[in-house]
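Q: I am in my first year and keep meeting words for how structures are described. Could we go through some of them together and check each one against its definition?

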Amino acid sequence: MAYSFILGVSLFSSSSNANNTLAYATVQQQQPSKISGTITDGIGPVPGVTIAVKGKSLTVISDYKGEYVIEASPTDILVFSFMGFKTVEVSISSQKIVNVELKEDATALQEVKINAGYYSVKEKERTGSIAKITSKDIETQPVTNVLAAMQGRMAGVNITQQTGTGGSNFSIQIRGLNSLRKDGNAPLYIIDGVPYSSESIGYGITSTNMPGPTSPLNNINPADIESIDVLKDADATAIYGSRGSNGVVLVSTKKGKKGKTKFSGALSQGTGKVVRYMKMLNTEQYLAMRAEAFANDGITTYPDDAYDINGTWDKNRYTDWQKELIGGTAQITNINASVSGGSDLTQFLISTNYSKETTVFPGNFAYKKANVRLNVNHESEDKKFRINFTGGYTLQGNNQPSTDLTTEASLLAPNAPALYDEAGNLNWENNSFNNPLRNLNGLFKSKTYDLVANTLLSYSLIKNTEVKVNLGYTDLNHGESSTFPSTIYNPAFSFGSDMSYIFYNTTARQSWIIEPQLNWKASLRDIKTDILIGSTFQQQNNKLQAFQGSGFTSNSLIYNPAAASTTQVMAHNESVYKYHSLFGRINLNWKEKYIMNLTGRRDGSSRFGPGNNFAWFGAVGFAWIFSIEDFFKDNNILSSGKLRTSYGTTGSDQIGNYQFLNSYSPANAYYQGVIGLQPTRLYNANFGWETNKKLEIAIETGFFDDRLFFTAALYRNRSSDQLVGIPLPGTTGFASLQSNLDATVENRGLELTIRTVNLQTKDFSWISSLNFSTAKNKLISFPHLEESTYSNKYVIGQPLNIQKVYQYNGIDPQTGMYSFEDVNGDGKITALEDKQTIKDLNPSYFGGVHNQFKYKRWNLDFLFQFVKQKNFNTAAMIAVPGTKFNQQIAVLDHWQQPGDASTTQIYTSGANQAAVQALYNYVASDGVILDASYVRLKNIALSFDFPNKWFPSMNCKARLESQNLLTITSFKGSDPESTSIGFTPPLRVITAGLQFNF
Amino acid sequence: MTTNNLHHFCSTNSAKVLWKIRITFVSLFFICLSSCDSFTETDIPTSELNEFAVFEQKNTANAAMTDIYAKIRDNGILTGKTYGTGKILGLYTDELSWWGGDADPSKQFYSNSVQANNLVIAEWWNSAYNAIYASNAIIEGVTASTALLKSDKDQLLGEAKFVRGLLYFYLIQLYGDVPYITTTDYTVNVKVSRMPKVEIYNKIIKDLNEASELLPKNYISEGRVRPNFYAAKALLARVYLYNRNWDEAANSASAVLNNTEIYIWQEDLSNVFLKTSTTAIWQLMPRTAIRNSDDAFTFIFNSGPPPQVALSMNLVNSFESGDLRKKLWTRAITNGPNTWHHAYKYKKSSTSNPQQEYSIVLRLSEQYLIRAEARAQQGELIGAKEDLNKIRNTAGLPSTTAVSQSEIVIAILKERRVEFFTEFGHRFMDLKRAEQLDLALRNVKESWNTTDKLLPIPQNEINLNPAIAPQNPGY
């Protein structure tokens, strides 16, 4: 995937007037003359190529036709350089016209600058483990979330989409779970040098339509991103000290480029459908199941409420409820526009974006996002002072049903009545039908306003010494609500608006950061030295309030808390997080062969206990570029080779604020009409960060001029000082103490990437890349695990992401019921004693295969994502087979008489209590944990560059893109990726778009 | 500041000035770099109060105290809910029979086969020590407070000591020797060992004596939901009685009984458990203004067989004929040939407006029976019978026929059974102090063992703090 830098961002520079290019010349030549020419890549013109006069500061850039004009003397040498192409030097002598054909350079990868946060490093001199994608990878994907854009493209980075609802969350794990606490595993996000908190901005009970509370990461607009670098090992993350444990995601946004003012626009429109539906029983099969169930239970007269089978409902009616309720088509619109340009000294970029995504539910629901960004760069004439400002403002609005219809879509009897009656009103079928569309009366609404701004000032103090200050500010305001008006109930209950209720939540988060830095570069004989020291001051204020209002005078006043008869404050949290540190880096490079990188950080955080405020973190990384050793010099096979290793410590301060304090807080219990104040927790000064010791060894080799590039990395991370509730004897007054426990979690794994340039001719090229990750996660130690609240969750020697379940022993051929291993042999199946089978739900391996084909003006790009894993078969967990709920067709293979070998137990209408209990046990057994591996065509994009003659004054490109187009899996549930029950699976998105520059 | 300096850079041309600015800049830079360690100090969040601020204002200090009562009411030994001693120790002895499932932790009490990992055993222990922690925190906080008035300080200190004494009294009844906690420092409390019961009794007596000195004679608020001087005396009377300090027991009970302005004897038994009861010495106020006691919900059932507990026939048959307490404080439920009885002291198992019943922890009849017993043991037989008959006559029974000292003591014990049934384990504790547990229970309860007089220390406690081993005998 890394080859995608081959084309820079400003693909289409725009000057059509040759004279304009002269304006960039800052130094006049003696006896100069005008030299002009056209630059091509053999197919078409290459705009944006830098043409420099060797040894002089004069540069120009080729325009959109690939043409340039420069003033130079006959003795000069012109240097043509462009990222991704081999640099060409041409002596002018007497030529007036110099035409150049650039050749794509596969080895150019090694020259690419990798963003490591506080510094950048050439790919070939990199000592740490950093994965990268660029705007080229992102723009082929019709996605609105930054994590979605990374999915399947980076080794060691496991991302899953939780639901297909617009504005929903993704989960990310970089090299596995390090913390025993579920919320302690998020990476650090940095946008243009400003830390961006990924802590949820929602509140569980207000985000009812999603599996987890709202994440702020949706505020980042993928179209604004120039590159994403993910820092993984100690060498790369130790400079982030107490926040680097779970990896660092660096987001760099697009910057203004010099050149004539350029307008760009992109418009795309598309559709989204649910990726997979479950195969459910049709009416005939369903009613046969029901009839058999009642017969099994010895019930001959169908009960009054068995509407589906007792004749109340039409027995010949059939509705595919999945198609009806979640089978709609989401409309997806995305519009981008930007203006950029500038002189040698000052450049700017203004961009704006609007996107809208409707839902697959019936009704008018949509997720909308709009944002505007400004980037300005300026450099003083003496090139000593530089300033770079970026500011972005994002607005999001989400309007969804407060209850996802997915569960009801699979549960409803296939012969359930029509949704609407003849008059067009919701049909309750004489109160026999709990119409699923009632749920659409409850709404989830959210609005998010987010500002991220940063300024980077730098000054070249003396030779080789640069002083920098990074200033950043973020301001986020979020409000969301979920309503449950009385109209979500069957009118038969005659509930009035006094039964209506609403949950709402507001979150406000502000942060600022100041980071002065000093950078010194020098060469001492053969050793190049690069030294950085810096300091961070950061503060983040967070305020969350959640309320419930209930009993309204009218449902139309549900958003007015003053109209609620009771309001209850459910949460009120305010916190201040302060952070101060010193960091540094010493990089020593001997003859570009041996490189040592020392990084360190001393962190102080208000989250740590008094006397424990400060902590040291550090790492050392080595790289040996063996391919330039003498013994490899004369070979034609190995073109580049590097061995690198690193070891160091990082930490995690995702431990909540004030956790060491023994404060008093409201107790939610009244006495004498007053809410009591209770001691919140024990005072614990020893409270600190979690430590992660990371070790990595990797080899990176290129063969045949880097046409085949292979990397392999082995790592072992050991995360200790786990911050958990350490069980305490009751005599302390508390059951546990939040403190650093001497428990250790280990993640070890192997990551491979291969990139091959399979074919490269004048008209046709084919490049493939593969990333593959396999990892083992293990809880090595946990003192007093048995007494802790984690005793049923974790097992020493096992991964963190396990399930303790019953051992399923198949269907008892005599009773026809699911049977389980009675581990303690007491004749009963009881959770505590008999759930002893351990199932690992971590993926055993995952990765992606990416191919890019280029034929003349056509580009075809596709990514297959693969995951090998086990997960819950949600389809088997819906309801007891035989009850008034529909089932997947797999239940047809069921037990009917003694001796039957089948996969589904005896049907029951619910009267067979033992069978009902057996189903509940089955749902908590390894019988429902099945292979959920899949191969998915995550992304496919086809684009066509219009020939210049079609639109002489602009560059134009048409695109056809799709996400999740194809899934190959044996999984029986709806979707193998997002297995959260009751939520819309991810969507298959297909969009068509047009992109133009002029 | 840095920004300004940088702008200066751009405009200045003089090399000298430039160097000066450079040097200034570098030094400023290093000042910035040198750690401003104090930067990371934060104030307490506005959504919480720090331990000192709580005790700088009367309202917040008061809320810290009332939260202890709320917790005592809702969890642990004195709750009226399903795992309170009223029900659980009733099952453990001969007051209640069990009709619920086998998996319910109550069942182990009924069958006298309590395991050390029983959930109720742990809940009683943990909630008592949690309230003791909170009481210690109040004593520390109030003592250190500079802003509270002396009268407020005395009130809160008195209440905290009362609660501490109360909980230790129950802890030693249930578990025998237990750790005695005097600080809020967990590093100390995490490895405490057990203190002999006798020493703890002395500490309880000291706490209650101090509480009675600190607390006012009148209730500080509406109802009798905050302990006063008499509540401390009433509990003290019980503690002296259990210690066979007959003289002090009688004196303390008299101190309560003599105040006939606050404590007016109630001839009508239907009024004893009302929130307005004039024989209540200390009550727990329900959560909201329309709720009643939790006890009613725990014991009352309206159709048989009972969902959880019913009065044992042993208890039902122990009422003398004509005892109004059987008529007014129990209720029979019939289904076909079967009849069950439930405790009916509290009658409101649902909400009512206005609310009618509070759970009463200390009440006047106990003081009469304490004094009766103390007097009998001291040989003041007439006075003893007088006190005993006060209770009997109110229940519609004739005066006692007991004559000798030992007969009177036995009669008092018998009277306590029918007076205090299902109230916070009185029966268990009375039999235990009279050393009659084996005698009374071994024929009634199949698996009763002598070692059952002590409950097990929660197993988790021993695992986490080996210093409190060994486990009580029999577990």
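Q: What makes the crossing of α8(B) past α10(B) left-handed or right-handed in this predicted model?
A: α8(B) passes α10(B) in a left-handed crossing. A crossing gets that name if the near helix is turned anticlockwise from the far one by less than a right angle, and is right-handed if clockwise. This is a predicted model, where local features need pLDDT of at least 70 and side-chain atom pairs count only at pLDDT 80 or more, while totals for chains, interfaces and linings use all residues. Residues are numbered from 1 along each chain as its sequence is written, and chains are lettered from A and ligands numbered from 1 in the order in which they are written.

Q: Why is α8(B) called roughly parallel or roughly antiparallel to α10(B)?
A: Start with the geometry: the axes of α8 (residues 150–175) and α10 (residues 197–214) of chain B come within 8 Å and cross at roughly 155°. That makes α8(B) roughly antiparallel to α10(B), since angles over 145 degrees count as roughly antiparallel, under 35 as roughly parallel, 65 to 115 as roughly perpendicular and the rest as oblique. The axes are lines fitted to C-alpha atoms, for helices over the stretch in contact, and angles run from 0 to 180 degrees between N-to-C directions. Helices here are DSSP runs (H or I, at least four residues), strands are too (E, at least two), and both are numbered from the N terminus.

Q: How do you know which residues of α8(B) meet α10(B)?
A: Two residues are in contact if their C-beta atoms, placed from the backbone, lie within 7 Å. Among those in α8(B) are B:L157, B:F162 and B:I172, and α10(B) brings residues including B:I200, B:I204 and B:L208. By class, this contact has 10 nonpolar, two polar and seven charged residues. Ala, Val, Leu, Ile, Met, Phe, Trp, Tyr, Cys and Pro count as nonpolar, Asp, Glu, Lys and Arg as charged, and the others, Gly among them, as polar.

Q: What makes α10(B) and α11(B) roughly antiparallel?
A: α10(B) packs with α11 (residues 229–242) of chain B at an angle of about 155°, the axes being 8 Å apart. That angle makes α10(B) roughly antiparallel to α11(B). The crossing of α10(B) past α11(B) is left-handed. B:I204 and B:L208 are among the α10(B) residues here, and B:L235 and B:V239 are among their partners in α11(B). The contact divides into 10 nonpolar, two polar and one charged residues.

Q: How do you know whether chain B is spread out or compact?
A: Chain B has 21 helices and eight strands. Its radius of gyration is 29 Å, well over the 23 Å that the globule rule gives for 475 residues, so chain B is more spread out than a compact globule. This radius is taken over C-alpha atoms, and the rule is 2.2 Å times the number of residues to the power 0.38. Along its principal axes, the C-alpha trace of chain B spans about 115 × 50 × 45 Å.

Q: And what does the rule say about chain A?
A: Chain A has 31 Å, which agrees with the value near 30 Å for a compact globule of 998 residues. Its C-alpha trace spans about 105 × 70 × 65 Å along the principal axes, and there are 10 helices and 48 strands in chain A.

Q: How many residues of chain B are in contact with chain A?
A: 60 residues of chain B are in contact with 59 residues of chain A. The chain B side divides into 33 nonpolar, 18 polar and nine charged residues.
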